[in-house]
Amino acid sequence: MNYQLKKPESTDGARIYELVKACPPLDVNSMYCNLIQATHFRDGCAIAESDSGELLGFVTGHRPPSEPAGYFVWQVATSESARGLGLAKSLIKSVLDRPEHSDVRYLLATVTPDNVPSRSMFQSLADGWGVELVEEPFFEKDTHFMGQHDSEVLIRIGPFKSVSGE
Ligand SMILES: CC(C)(COP(=O)(O)OP(=O)(O)OC[C@H]1O[C@@H](n2cnc3c(N)ncnc32)[C@H](O)[C@@H]1OP(=O)(O)O)[C@@H](O)C(=O)NCCC(=O)NCCS
């Protein structure tokens with residue numbers, strides 16, 4: 001499958017919203033939130049577009065102010081037709097490859113313990129880079145989500161030395 005990886009434009013926000021909606025168990029944020037990601041936070045985002053212009057994948061993340069050497073993956077999604085091809089990993093690596101992220105040493109994310117595809121994808125990145133993946137409690141079901149959402153565990157992958165985690 002041929003695709004291009006690039007930073008989103010403001011005009012991608014609405015179709016990012018539609019992709020996320022089609023990718024359970026992701027939380028669907030407001031379309032406005034996706035517009036802000038595609039504009040103010042575009043340096044930490046990437047989209048994958050097929051040759052025919054179809055949106056195949058999306059990652060959004062940011063550099064947490066409290067952890068300057070980290071890149072936090074907020075959400076990553078690939079369309080069902082494009083799964084199992086390494087696209088999610090390529091999206092994340094394309095962000096880390098950018099010059100503005102050359103000082104990133106840790107990949108951070110939260111996962112719900114039962115999301116096997118997500119956990120496998122992050123473990124595969126850690127294995128490929130030959131670095132550790134460690135987990136710690138982060139957002140708890142009752143303490144943080146008023147019992148309305150499964151707990152989210154923080155995963156930390158690294159440290160890696162240079163871009164692409166090499
Ligand atoms: C999680 C998700 C982004 C993975 O996307 P993907 O493009 O299929 O992932 P990749 O092809 O890059 O796979 C990366 C690794 O994860 C593994 N993996 C992916 N899906 C898997 C599954 N369903 N079961 C087991 N392993 C899986 C692959 O085997 C691969 O490992 P390898 O490279 O060592 O062989 C995709 O399934 C998705 O969009 N899910 C719904 C949204 C979601 O849960 N997002 C993550 C939470 S933020």
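A residue is near a molecule if one of its heavy atoms lies within 4 Å of it. In this predicted model, 21 residues surround the ligand, the closest being V76, G84, G86, N115 and S124. Local features need pLDDT of at least 70 and side-chain atom pairs count only at pLDDT 80 or more, while totals for chains, interfaces and linings use all residues. Residues are numbered from 1 along each chain as its sequence is written, and side-chain values use heavy atoms, with hydrogens and water left out.

The table lists polar contacts of the ligand, meaning pairs of N or O atoms within 3.5 Å.

| Ligand atom | Partner | Distance |
|---|---|---|
| oxygen | polar backbone atom of G86 | 2.7 Å |
| oxygen | N or O atom in the side chain of S124 | 2.8 Å |
| nitrogen | N or O atom in the side chain of S120 | 3.3 Å |

Taken alone, the ligand exposes 920 Å², of which the protein buries 72%, with areas from the Shrake-Rupley method and a 1.4 Å probe.

Among the DSSP runs (helices H or I of at least four residues, strands E of at least two, numbered from the N terminus), β4 (70–78), α3 (87–96) and α4 (116–129) each supply at least two residues of the shell around the ligand, and α4 gives the most, with 5 residues.

The space taken by the ligand is the largest pocket, where a molecule sits in a pocket if more than half of its atoms lie within 2 Å of its grid points. A pocket is an open set of points, on a 1 Å grid over the protein atoms alone, where a 1.4 Å probe fits, with protein on both sides within 12 Å along at least five of seven lines; lining residues have an atom within 4 Å of a point. Of the 36 residues that line the largest pocket, P25, L26, V76, N115 and S118 are the closest to its centre, and β4 provides the largest share of the lining, 7 residues.

Notes
Polar contact = N/O pair within 3.5 Å; in protein donor to acceptor, adjacent residues only side chain to side chain.
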